[in-house]
Amino acid sequence: MTQAAWRRGATDALFWSLIYTALWALFAAGQGWTLGAPTIALAVALSLWLGLRPLAMHPIALPAFLGFFLKHMLLGGWDVARRALQPRCPLQPAWHPYPLVSQSPRVRLLLSAMVGLLPGTLASRIDGQQMRVHVLDERLPWEATIAELEGHLERLLGEREPR
């Protein structure tokens, strides 16, 4: 094993150890380390054995991504509250194809997972160059919001230059 490969493996192991430890601490409320430590070690070993590489992110794109996402989380919460207080709020649900711009499998996977966190949208599957999306109200600008999220993910993951 070359020194570069060993260094890459050690860096990956450190990354996965930090991620899995943070997840255990979060989900187990900082308790259960007797079970947590071996579980974390096994998860790290499995990640290395499978050859999983950490996501390379561009920190310069992170503030814009977080701002976009927090803005839409607040808008979604407001929309849900409004619809709960006014149950006769009109809905126009529909399924639509969304044409994917990104060719990156990482961006596509994260986009399909994160679309469901946006207000009123849910991605069901990716077929070729399209993602099937269910929207609660097709009159809202759902397509522009998904396109903006796709652009943020491309910049965050280094598939496009940050603005």
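How many aromatic pairs does a search of the whole structure find? The search finds three. The structure examined here is a predicted model, and this report considers its aromatic residues, one threonine and its largest pocket.

**Aromatic residues**

One aromatic pair consists of F15 and W16, whose arrangement is edge-to-face. Another is formed by F65 and F69, and this pair is stacked because the ring planes stand at 20°, while planes count as stacked when they are under 30 degrees apart. The table sets out the geometry of these two pairs.

| Pair | Centre to centre | Angle between planes | Arrangement |
|---|---|---|---|
| F15 and W16 | 4.9 Å | 75° | edge-to-face |
| F65 and F69 | 5.9 Å | 20° | stacked |

F15 and W16 also belong to one aromatic cluster, together with Y20. Are F15 and W16 buried or exposed? F15 has a relative accessible area of 29%, so it is partly exposed. W16 has a relative accessibility of 11% and therefore counts as buried, since buried means under 20%.

F65 and F69 are both buried. The two residues lie in helix 3, where they are four residues apart, or about one turn of the helix.

**The surroundings of T121**

T121 is found in strand 2, which covers residues 121–127. Its relative accessibility is 10%, so T121 counts as buried. A polar atom of the T121 side chain lies 3.4 Å from the backbone oxygen of L118. Which residues does T121 touch, not counting residues up to four places away in sequence? T121 touches V115, G116, V133, H134, V135 and W142.

**The largest pocket**

Rolling a probe the size of a water molecule over the atoms shows where empty space is left. In this model, the largest pocket holds about 310 Å³ of space. The largest pocket is lined by 18 residues, and the closest to its centre are P119, G120, L140, P141 and T145.

Which elements give two or more residues to the lining of the largest pocket? They are helix 3, residues 62–85, and helix 5, residues 142–156. Helix 3 supplies the largest share of this lining, with six residues. Helix 3 is also the element in which F65 and F69 lie.

By residue type, the lining of the largest pocket divides into nine nonpolar, five polar and four charged residues.

Technical notes: Residues are numbered from 1 along each chain as its sequence is written. This is a predicted model: local features need pLDDT of at least 70, side-chain atom pairs count only at pLDDT 80 or more; totals for chains, interfaces and linings use all residues. Side-chain values use heavy atoms; hydrogens and water are left out. On a 1 Å grid over the protein atoms alone, a cavity is a set of points where a 1.4 Å probe fits but cannot get out, and a pocket is an open set with protein on both sides within 12 Å along at least five of seven lines; lining residues have an atom within 4 Å of a point. Grid points are joined across faces, edges and corners, and a volume is the space filled by probe spheres set on the points. Ala, Val, Leu, Ile, Met, Phe, Trp, Tyr, Cys and Pro count as nonpolar, Asp, Glu, Lys and Arg as charged, and the others, Gly among them, as polar. Rings of Phe, Tyr and Trp (its six-membered ring) pair if their centres lie within 6.5 Å; planes under 30 degrees apart count as stacked, over 60 as edge-to-face and the rest as tilted. Buried means under 20% relative accessible area, exposed over 50%, partly exposed in between (1.4 Å probe, protein chains only). A polar contact is a pair of N or O atoms within 3.5 Å; within protein, one must be able to donate a hydrogen and the other to accept it, and residues adjacent in sequence count only if both atoms are side-chain atoms. Contact means heavy atoms within 4.5 Å.
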